Amino acid sequence: MIPKIANPLNYPLAVFVAGVCLFFGVRFANISSFLMLPISISVGVIGSSFLANNPLNNNKINLDNKALEEELELAKQEAKLLIKKAENLRLEAKNLLHDAHQMDLLTAIEYGCDRTFELPEKIEYLSKKLSGSDSLLSEEELEEKLKTNLKKQQSANGLALKQLRQIESNLRRNIDLAKQGKSAREAQVFALTNILTESAGVLQQLQNKLRTSDLTNSQALQDLQDLTQELSSLLTMNNE
């Protein structure tokens, strides 16, 4: 795999190291700035490329929204716990379900448990999908522009006033669009965390019933099948 070249401006640490290199090279090593400048740029590019290709750095969530980043980090932790619980449930099911008429249920439980292994990848995908700013339009900047526009309107008249009102209309529309973009990102993250919470509940319910039900009773087996189906449906819901 060929390492990708990264823009140093996206990596403050690389820029800092390049700056230090330039300062010490010119100030203490008495190297010409014409020579040190390309060397420092090279150091910045190499440093940023190293950081960009570092798997640990790639796993860091960057949504430019601290609340959403924390929510996704919690989702990652919750997904790990869910995988562990699903693995325990799978082992319990294997120990309890041996008879031929119980094999369909065992297969269904194993399928449901397998879906939990897909959660980290789904969270990673969502993180990448939502990465960057909430919106191309900054709601705060647009609000400031709107205030300025309204102030100008107080002393304007004629064609100038007409144009200012047209700009006001565009600004209000863009503010609405910026709010919608922010809400859409929040909705996707909260939908994911909601699925994780509901799945954990169903998983626990499934384990309780598996331990307490009469596994020779067809109705009890059907109830467990229904719960397993509910678990699988929840965990595949986010694929859409």
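This section describes the helix content of a predicted model, the packing of helix H4 against two other helices, and the surroundings of three buried residues.

The secondary structure of the protein consists of 9 helices and 0 strands. Read from the N terminus, the order of elements is accordingly α-α-α-α-α-α-α-α-α. The protein has 240 residues, of which 33% count as buried. Among the contacts with a separation of 6 or more, 73% are accounted for by residues 24 or more positions apart.

Two packed helices are described by the angle between their axes and the distance between the axes. Helix H4 comprises residues 66-96, and helix H5 comprises residues 103-116. The axes of H4 and H5 lie 9 Å apart and form an angle of about 165°. H4 is therefore roughly antiparallel to H5, since angles over 145 degrees fall in that class. The crossing of H4 past H5 is left-handed. On the H4 side, the contact involves Leu82, Ile83, Ala86, Leu89, Arg90, Ala93 and Lys94. The residues of H5 that meet them are Leu106, Ile109, Glu110, Cys113, Asp114 and Thr116. By residue class, the contact of H4 with H5 contains 8 nonpolar, 1 polar and 4 charged residues.

H4 also packs against helix H6, which spans residues 119-130. For this pair the angle is about 170°, and the axes are 9 Å apart. This angle makes H4 roughly antiparallel to H6. H4 passes H6 in a right-handed crossing, whereas the crossing of H4 with H5 is left-handed. Leu72, Ala75, Lys76, Ala79, Leu82 and Ile83 are the contributors from H4, and they face Leu119, Pro120, Ile123, Glu124, Leu126 and Ser127 of H6. The residues of the contact of H4 with H6 comprise 9 nonpolar, 1 polar and 2 charged. Leu82 and Ile83 of H4 are listed in the contact with H5 and also in the contact with H6.

Ala75, a residue of H4, takes part in the contact with H6. Its relative accessible area is 1%, so Ala75 is classed as buried, the limit being under 20%. Apart from residues up to four places away in sequence, Ala75 touches Ile123, Leu192, Thr193 and Leu196. Of these, Ile123 belongs to the H6 side of the contact of H4 with H6. The C-alpha atom of Ala75 is separated by 9.6 Å from that of Phe190, although the two residues are 115 residues apart along the chain.

Arg115 is located in helix H5. With a relative accessible area of 13%, Arg115 is buried. When neighbours within four places in sequence are left aside, Arg115 is in contact with Leu235 and Thr236.

Gln153 lies in helix H7, which covers residues 139-153. The relative accessibility of Gln153 is 13%, and Gln153 therefore counts as buried. Beyond its neighbours within four places in sequence, Gln153 is in contact with Leu161, Leu164, Arg165 and Glu168. The side chains of Gln153 and Glu168 are further joined by a polar contact of 2.8 Å.

Key. Residues numbered from 1 in each chain as written. Predicted model: local features only at pLDDT ≥ 70, side-chain atom pairs only at ≥ 80, totals over all residues. Heavy atoms only, no water. Helix = DSSP H or I, 4+ residues; strand = E, 2+ residues; numbered from the N terminus. Buried < 20%, exposed > 50% of the residue type's maximum accessible area, 1.4 Å probe, protein only. Contact = heavy atoms within 4.5 Å. Polar contact = N/O pair within 3.5 Å; in protein donor to acceptor, adjacent residues only side chain to side chain. Axes fitted to C-alpha atoms, helices over the stretch in contact; angles between N-to-C directions. Parallel < 35°, antiparallel > 145°, perpendicular 65-115°, else oblique. Left-handed = near helix turned anticlockwise from the far one by under 90°. Nonpolar A, V, L, I, M, F, W, Y, C, P; charged D, E, K, R; others polar.
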